[in-house]
Amino acid sequence: MPVPLLDLKAQHQTIRDEMVASVLEVVDSQLFILGDKVKELETEVARLSHTKYAIGCANGTDAILLAMRALDIGRGDEVVTTPFTFFATAGTIHNVGATPVFVDIEPRTFNIDPAAIRAGITGKTKAVIPVDLFGAMAPIEQVIAAAGRLPVIEDAAQSIGARRRIDGKWVMAGEAATIGTFSFFPSKNLGGYGDGGMIVTQDQAIAERLMRLRVHGGAKQYFHDEVGYNSRLDALQAAVLKTKLPHLAGWSARRREHAEFYNAAFKDIAGITTPYVDPNNESIYNQYTIRSDRRDALQAFLKERGIGSSIYYPLPLHLQPCFSYLGYRKGQCPVSEKAADEVLSLPVFPELTQGQLDEVVSAVRAFYGR
Ligand SMILES: Cc1ncc(COP(=O)(O)O)c(C=O)c1O
């Protein structure tokens with residue numbers, strides 16, 4: 001039985017009727033850009049994230065870019081971030097004219113190492129961008145402490161609804177940072193039918209600036225206080241996301257159950273390291289990512305059996321050709337480089353059947369001669 005890495009059609013079948021009704025409502029209204037649907041979604045995402053403000057935008061990449069613009073980050077500035085992430089985290093730093101400073105990750109969680117942040121901060125640093133990778137929050141309280149007075153932009157593109165217990169209190173992804181950013185790319189736990197993104201913050205002045213920046217920098221139409229962008233969330237995406245949002249917690253819980261099943265099934269395989277489980281850091285498992293001592297051969301073996309897998313990410317950002325101008329060399333972020341050689345993400349989408357889970361497990365075990 002083939003098992004895809006992600007099966008969006010399986011999810012669509014479970015919500016098709018309510019989705020068709022909510023999409024049709026927008027089509028009938030003929031109101032497509034921003035508007036009430038987007039405002040309602042913003043209110044719901046702010047509530048979920050325990051933040052005062054949520055601002056919809058065109059995608060998760062723009063969310064990071066707009067966040068930096070709202071903090072006046074630009075030419076001559078440095079921004080400390082992780083090299084073990086999706087390209088957008090650092091591409092946006094470059095695109096606002098600033099310089100990405102890559103510091104290494106913590107080997108168990110793949111998230112940025114707070115001690116390395118301290119070492120990466122210079123007089124030019126204007127912000128720190130941790131990433132809540134694969135669905136689990138970075139140690140945000142430690143990142144904030146390491147950043148000192150610098151603002152923290154939490155790239156929570158993969159982690160909406162994740163939470164972390166800090167001093168006995170659960171803190172949501174995006175809640176504690178200066179600004180949090182989400183992506184609604186279709187493969188995310190809360191995925192749209194196209195691109196979409198959102199920015200959350202507790203700061204009113206930042207929120208107001210973001211609302212201007214996403215509409216060409218003008219609070220009043222045709223009057224521009226600064227040069228902004230066309231980066232709006234559209235009403236169709238908001239309707240789709242509003243329809244999916246009530247299901248999000250259940251879907252993420254299913255992913256956690258699948259992860260637990262895999263963890264138990266791979267426990268006795270010495271060549272595999274399963275994801276680090278921290279009872280104080282509740283992951284939404286946007287990815288279920290193992291380390292394998294023979295990763296490429298394992299992936300080829302799975303492929304032969306029709307089992308989808310993917311490598312997130314095969315080349316850390318400090319070694320990407322486009323950043324060669326920064327002068328990084330192999331060996332400078334050794335933990336990220338090792339992770340890039342060993343990681344493999346396996347199917348973990350909520351609608352996986354027990355038969356499919358068993359299929360993945362038996363293929364992985366067969367590869368290791370079990
Ligand atoms: C960590 C991270 N940051 C940023 C993004 C960018 O989001 P988008 O694809 O919506 O622009 C993504 C996802 O695609 C991501 O995984």
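## Ground rules

Helices here are DSSP runs of H or I with at least four residues, strands are runs of E with at least two, and both are numbered from the N terminus. This is a predicted model, so to speak of local features we need pLDDT of at least 70, while side-chain atom pairs count only at pLDDT 80 or more and totals for chains, interfaces and linings use all residues. Residues are numbered from 1 along each chain as its sequence is written, and side-chain values use heavy atoms, leaving out hydrogens and water.

## The whole chain

Let's start with the big picture. The protein chain has eleven helices and 13 strands. Its radius of gyration is 21 Å, close to the 21 Å that the globule rule gives for 370 residues, so the chain is as compact as a globular protein of that length. (The radius is taken over C-alpha atoms, and the rule is 2.2 Å times the number of residues to the power 0.38.) Along the principal axes, the C-alpha atoms fill a box of roughly 65 × 55 × 40 Å.

Of the 370 residues, 55% count as buried. Buried means under 20% relative accessible area, exposed means over 50%, and partly exposed is in between, with a 1.4 Å probe and protein chains only. Now for contacts, meaning heavy atoms within 4.5 Å: among those with a separation of 6 or more, 72% are between residues 24 or more positions apart. As for charge, the chain carries 39 positive and 42 negative side chains, and the centres of the two sets lie 2 Å apart. Lys and Arg count as positive and Asp and Glu as negative, with His and the chain ends not counted; each charge is placed at NZ of Lys, CZ of Arg, CG of Asp or CD of Glu.

## A three-stranded sheet

Next, follow one open sheet of three strands, with the order 7-6-11 and antiparallel pairing. Strand 7 and strand 11 are the edge strands, each pairing on one side only. Two strands pair if DSSP finds at least two bridges between them. Strand 6 (residues 163-166) is joined to strand 7 (residues 169-172) by four bridges, and strand 6 pairs with strand 11 (residues 281-282) over two bridges.

You can pick out single partners too. I166 has K169 as its bridge partner in strand 7, R165 stands opposite W170 in that strand, and on the strand 11 side the partner of R164 is N281. Strands 6 and 7 also form a hairpin with two residues between them, where D167 in the turn has a positive phi of about 50 degrees. Which side chains of strand 6 are buried? R164 and I166 are, and they point to one face, while R163 and R165 point to the other and are not buried.

## Helix 4, tucked away

Helix 4 (residues 88-95) has six of its eight residues buried, so it is largely enclosed by the rest of the structure. The buried ones are A88, T89, A90, G91, T92 and I93. What covers them? The cover includes helix 3 (60-70), strand 2 (78-81), strand 3 (99-102), strand 4 (125-129) and strand 5 (153-155). Helix 4 is followed by G97, which has a positive phi near 95 degrees.

## A buried lysine

K244 lies in helix 8 (residues 235-266). Is K244 buried or exposed? K244 is buried, with a relative accessible area of 3%. Leaving aside residues up to four places away in sequence, K244 touches Q11, I15, M19, L190, G191, Y193 and W251. The C-alpha atoms of K244 and N189 are separated by 9.6 Å, although these residues are 55 apart along the chain.

## Backbone oddities

Two residues in the loop between helix 1 (8-29) and helix 2 (35-49) deserve a look: Q30 and L34. Neither is a glycine, yet Q30 has a positive phi of about 60 degrees and L34 has one of about 50 degrees. Their surroundings contrast: Q30 is exposed, with a relative accessible area of 51%, whereas L34 is buried, at 18%.

Where does Y313 sit? Y313 is found in the loop between helix 9 (295-304) and helix 10 (334-342). The peptide bond leading from Y312 to Y313 is cis, with omega near 10 degrees.
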